[in-house]
Amino acid sequence: MNDTPSSERLHVTIFGRRNAGKSSLVNALTRQETSLVSDIPGTTTDPVRKAMEIPGIGPCVFTDTAGFDDDAAGLGEKRTGLTLKALEKTDIALMIFSDCGPVEKEWYRGIVGKGVPTVPVISKADLEPSATGSAAGLEASVAALCGESPVRVSSLTGEGIDGIFRALLRRLPEDFGHRDITGDLVKKGDAVLLVMPQDIQAPKGRLILPQVQTIRELLDKGCTVVACTAAGLADSLAAMSSPPALVITDSSVFAEVHAAIPAGTRLTSFSVLFAAYKGDLSVFMEGARAMERLDPESRVLIAEACTHAPATEDIGRVKIPAMLRRRFGESLVTEVVGGTDFPEDLSGYSLIIHCGACMFNRRYVLNRIAAARRQGIPITNYGMAIAWMKGILDKVAVPGDFTPVRQECV
Ligand SMILES: Nc1nc2c(ncn2[C@@H]2O[C@H](COP(=O)(O)OP(=O)(O)OP(=O)(O)O)[C@@H](O)[C@H]2O)c(=O)[nH]1
Ligand code: SF4
Ligand SMILES: [Mg+2]
């Protein structure tokens, strides 16, 4: 279970002032001394992550953050910035209240305002009330703010830790652990042909996550999985005793694969499937159709979750920009951002094209989509953008869609 990718885990983040007991709480929850604890305020400076399996919940990752009242000269703001970035990935927040003063109230409202379910917590429950001020008064103020009683915990004695796990369970996103990649596109016994990337970006000898996750899911569903590259497609089709029910291809060879597969075989791509799995299919579909409004003056932001060294045939850095310029004019500008770099101000862009985002958790991708929508910028992903440019977007199968895909070649 330790091998569950971080992007598939429930992201729980601990927020609070410096010295509130955040790191001690992470250590108590994970039963490991992952985070450094001390009575010096500002001990934790960067988010610290620890993955663990919680019985009844599943694979989680706990993130310890710097105190949001960090005022270290010149650095406090940067640390708070990192804490805010951690919030973008957070499925459930644990917010430790020390005084329920204006700073804590503002942070609580900010977190809840982002739509993040938040568990109010009071720490150091083992201490005498005199040491923490009026315990009952604090509890009442937190309850009034949050509309529920805080969970009282002691990281020292373990009191209240089970209460935190129960509170997490109550706030578990409905679809956590139940989403699947291929949805209703396949059923038990189907043969599925995977056309893998030619310009594999993973280190030699490895497959990248979208392929690995898709293969694992298809095997779990009882499908027969055949894998090839675009160059080997014809041979693989010939070797199969009947046509595959579904072909899942690397997006960059969409048109070639579409032309080569038998009529009646549905076609989709890894990144189209990930549009639904990690993002919002209808928003991405709308974003792909908005490409018709691009012109030679357009600026397109290409967002890639990986920060790998660019390969010569890189889909995000080379292929998509070349396709866009060929279609809309050589003066069209593309900008590529990688990893967690994503501009707050998107107003200068005509379109955002995102990778399949297999390295990000869904909450994070949905936050990017929400930011784009708030600013009125269309957003789509690699597979859909390529399918639109190749004129086959309407022929791509998406989960929930049973229309036959391959009719006549376009
Ligand atoms: N008695 C008692 N002390 C605690 C408890 N939790 C934390 N402490 C103490 O409170 C101090 C701060 O704890 P940390 O866990 O480092 O607090 P933090 O919120 O991570 O602090 P920063 O990293 O500085 O923001 C340490 O001296 C801890 O030993 C608790 O449940 N009971
Ligand atoms: S995170 Fe994006 S670029 Fe990296 S492997 Fe996944 S889909 Fe590809
Ligand atoms: Mg700390």
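Why does Ser6 count as partly exposed? Ser6 has 14 C-beta neighbours inside 10 Å, and a residue needs 20 or more to be buried and 12 or fewer to be exposed, so Ser6 lands in between. Keep in mind as we go that this is a predicted model.

Let's stay with Ser6 for a moment. You'll find Ser6 in the segment before β1, the strand covering residues 10-15. Leaving aside residues up to four places away in sequence, Ser6 touches Ala51 and Val61. Now look towards the other end of the numbering: Ile377 is 371 residues from Ser6 in sequence, and the two C-alpha atoms sit 28 Å apart in space.

Next, have a look at strand β5, residues 118-122. Five of its five residues are buried, and the cover comes from both faces. Thr118, Pro120 and Ile122 are buried on one side, while Val119 and Val121 are buried on the other. As for its partners, β5 pairs in the parallel sense with β4 (residues 92-96) over four bridges. One place to see that pairing is Ala93, whose bridge partner in β5 is Thr118. Between these strands comes helix α3, residues 102-113, and β4, α3 and β5 together make a right-handed β-α-β unit. Strand β5 also runs parallel to β6 (residues 151-152), joined to it by two bridges. Here you can pick out Val121, which stands opposite Val151 in β6.

Further along the chain there's an open sheet of four strands, with parallel pairing and the order β12-β11-β13-β14. Its edges are β12 (333-338) and β14 (379-381), each of which pairs on one side only. From one strand to the next, the twist averages 25°. If you zoom in on β11 (residues 299-304), you'll see six bridges linking it to β12 in the parallel sense, and Arg299 stands opposite Val333 in β12. Over at the β14 edge, helix α13 (residues 382-389) lies across β13 (351-354) and β14, and its direction is at about 90° to β14.

Finally, there's ligand 1. Which residues come nearest to it? Out of the 24 residues around ligand 1, those are Gly21, Ser23, Ser24, Asp39 and Thr44. And what sort of residues make up the shell? The split is 13 polar, six nonpolar and five charged.

Key
Residues numbered from 1 in each chain as written. Chains lettered and ligands numbered in written order. Predicted model: local features only at pLDDT ≥ 70, side-chain atom pairs only at ≥ 80, totals over all residues. Contact = placed C-beta atoms within 7 Å. Near = placed C-beta within 6 Å. Nonpolar A, V, L, I, M, F, W, Y, C, P; charged D, E, K, R; others polar. Pairing = 2+ DSSP bridges. Axes fitted to C-alpha atoms, helices over the stretch in contact; angles between N-to-C directions. Right-handed = clockwise from strand over helix to strand, strands pointing away.
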